[in-house]
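Visitor: I would like a close look at one part of this protein. Please take the cysteines, then the surroundings.

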Amino acid sequence: MPATRTDPPISLRPSEADELAGFARLEQDGDTSPHILPTTLQQHRVQFARDDILYLTIERGGTTCGYFILALEADGHSVEFRRIVVTPRGAGIGQRAIPAMEAWCRDRLGRRRIWLDVFDSNPRGRHVYEKLGYRRFDEAAYDHRRLYFYHKELVT
């Protein structure tokens with residue numbers, strides 16, 4: 001869903017440790033939890049402390065409405081787009097936040113490729129990724145579910 005003139009702007013910033021409990025609660029939403037592998041607060045704390053993991057808070061008009069988890073690959077070239085959780089779902093926030101995240105990866109991190117995985121049971125997510133230029137390059141079985149792998153080269 002493209003932004004309209006009345007939509008508040010989307011912005012990203014590095015997350016703070018005191019936001020992690022709220023992120024863990026967002027993952028428990030009934031419309032979110034089937035599409036991800038939920039992370040406990042303790043797991044978020046461990047990931048957040050790692051040098052190769054980046055949490056970015058998504059704000060809409062200055063109000064927190066979600067977050068990304070990104071893993072910086074050792075190759076210095078790629079980023080694993082591990083997670084996006086937004087609220088409310090279906091409002092186009094993710095479609096507007098993903099290009100901002102891509103710009104962050106390209107401009108601030110110097111990365112040129114983003115890859116992700118998504119369950120086949122998440123057609124909304126797959127549609128958004130494909131619409132934003134991500135291309136499927138592989139698939140695998142995970143816990144009796146089909147997992148698709150997508151990637152996108154970032155243009156400089």
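Visitor: How far is the sulfur of cysteine 65 from the closest cysteine sulfur, and which cysteine holds that one?

Guide: The closest cysteine sulfur is in cysteine 105, 17 Å from the sulfur of cysteine 65, and that is too far for a bond. A word on the source: this is a predicted model, where local features need pLDDT of at least 70, side-chain atom pairs count only at pLDDT 80 or more, and totals for chains, interfaces and linings use all residues. Residues are numbered from 1 along each chain as its sequence is written, and side-chain values use heavy atoms, with hydrogens and water left out.

A disulfide is a covalent bond between the sulfur atoms of two cysteines. The criterion here is a pair of cysteine sulfur atoms within 2.5 Å. The structure holds zero disulfides. Cysteine 105, too, is in no disulfide.

Now burial. Buried means under 20% relative accessible area, exposed over 50%, and partly exposed in between (1.4 Å probe, protein chains only). Cysteine 65 is buried, at a relative accessible area of 5%. Cysteine 105 is buried as well, at 0%.

Next, a neighbor of cysteine 65. Arginine 60 touches Cys65, where contact means heavy atoms within 4.5 Å. Leaving aside residues up to four places away in sequence, arginine 60 also touches Pro8, Pro9, Ile10, Ala91, Ile93 and Arg96. Arginine 60 sits in strand β2, residues 53–60. Its relative accessibility is 26%, so arginine 60 counts as partly exposed. Isoleucine 93 is 33 residues away from arginine 60 in sequence, yet the C-alpha atoms are 8.0 Å apart.

Step back to the whole chain. Four helices and seven strands make up the secondary structure. Both are DSSP runs, numbered from the N terminus: helices are H or I with at least four residues, strands E with at least two. The order from the N terminus is β-α-α-β-β-β-α-β-α-β-β. Of the contacts with a separation of 6 or more, 60% join residues 24 or more positions apart. Buried residues make up 44% of the 156 residues.

Last, overall dimensions. The C-alpha trace spans about 40 × 35 × 30 Å along its principal axes. The radius of gyration, taken over C-alpha atoms, is compared with a globule rule of 2.2 Å times the number of residues to the power 0.38. For 156 residues, a compact globule would come out near 15 Å, and the protein has 15 Å, which agrees.
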